[in-house]
Amino acid sequence: MSGEPGVFPRCSGTPVPTTPPDPSGKPPPRTGSSHPAAPTAGRSASRRRRSVSCAAPRVEWVELPGTGTVYSFTVVRHPLARMLNEVVPYASGIIELDGTQGAGARMIANIVECHVDALRSVTASRSCGNT
Amino acid sequence: MHLYGTTREHFAEVAISERANAIRRPTSLQTQPLTRDEYFAARMISDPMCLFDYTQETDGAVAVITTSADRARDLRQPPAYILASAHGGTGRWGPAIFRYFQAPDDEFASSGHRPVAKRLYEMAGVTAADVDVALLYDHFSPLVIMQLEDYGFCPIGEGGPFVAEGNMRWPTGTIPVNTHGGNLSEAYIIGMTHVREAVEQIRGTAVNQVEGAEIALVTGGPAALPVSGTLLARSGS
């Protein structure tokens, strides 16, 4: 996880070689799918059978480095269900994956091993534009 | 907030402004003003949104009678004419918050209503400047700010400062918003109170009446698409 306060996270990833799907049909870990004719417009972080940009049935698998930046996040402090009583506060975010060539392939994830108040201070500094 | 510098102060203005409208209504669940101190002292639900950025659970019902203009002419109540009505939304906005997180930045930080706004104004032959009162669906206070932008009451990204300057306040603002108190402070009847309030504004019978209101905007649900909007008018032509 990275992303400097005051700087909107952007992918600066370099192109990565594409890898074919596993013959068994099971995709390798940390892969995304993209439409071969529009690799930057249609790249998606999830395993899809169709292009997210044009619904074309042809997709190819690409390997990603497994790192990214926080695009947006929230710190949940209210337990929506009883089972979450011991879990709050927790941070959920949308992570923009490195290596997606500016297409901004994103996935939703819990942000762990990071103090939620530290995250909140990043939000505050972004919101104010500086400080 | 990341893109445009919108702050919690701006959210607070939405909540406080709607509360000020609500407490003048006998039907409102919220009967006391909301202060800035109370807003910022409220517990955080999901950062950066606190208790007062959310709706309240409410039981209630609203009925609306829709008929032809010919029939409406003879009825006991003066009609509110439907100038335009549209369903739709920004294509990738809905999925962007549930399973597909790749909407472009300016769509991501929007209410998803821009295509609906465009169609409404085209159908009615009016612009945002012609709208006298806006009943904007307010399940969460930030979405009010983004709808003010998407419906053209202020430029994109400037909704925060726009409300901070008092522009959504009744009766002094340039575009009074949720004069009934909205989902946030009157009651959460899933937007139907917005329709009722628009009709009352057009009839001139609203508790917080916008003087001389001719055109009212009602919106429904920044949510899973389609979202919707309607323009009601005092005059049927």
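Contact here means that heavy atoms lie within 4.5 Å. The structure is a predicted model, in which local features need pLDDT of at least 70 and side-chain atom pairs count only at pLDDT 80 or more, while totals for chains, interfaces and linings use all residues. Residues are numbered from 1 along each chain as its sequence is written, and side-chain values use heavy atoms, with hydrogens and water left out.

**Exercise 1.** Find which residues Tyr121(B) touches, not counting residues up to four places away in sequence.

*Solution.* Once those neighbours are set aside, Tyr121(B) is in contact with Val126(B), Thr127(B), Ala128(B), Val131(B), Tyr151(B), Phe153(B) and Leu231(B).

**Exercise 2.** Place Tyr121(B) in the largest nonpolar core.

*Solution.* First recall that a nonpolar core is a set of buried Ala, Val, Leu, Ile, Met, Phe, Trp, Tyr and Cys residues joined through side-chain atoms within 4.5 Å, where buried means under 20% relative accessible area (1.4 Å probe, protein chains only). The largest such core has 40 residues, and Tyr121(B), Leu148(B), Phe153(B), Leu217(B) and Leu231(B) touch the most other members. Among the elements that each supply at least two residues of this core are helix H6 (114-124) and strand S6 (227-233) of chain B, helices and strands being DSSP runs (H or I, at least four residues; E, at least two), numbered from the N terminus.

**Exercise 3.** Describe how H1(B) and H7(B) are arranged towards each other.

*Solution.* The axes (lines fitted to C-alpha atoms, for helices over the stretch in contact, with angles from 0 to 180 degrees between N-to-C directions) of H1 (residues 8-22) and H7 (residues 141-150) of chain B come within 8 Å and cross at roughly 95°. H1(B) and H7(B) are therefore roughly perpendicular, a word that covers 65 to 115 degrees.

How values were computed
Chains are lettered from A and ligands numbered from 1 in the order in which they are written. Angles under 35 degrees count as roughly parallel, over 145 as roughly antiparallel, 65 to 115 as roughly perpendicular and the rest as oblique. Buried means under 20% relative accessible area, exposed over 50%, partly exposed in between (1.4 Å probe, protein chains only).
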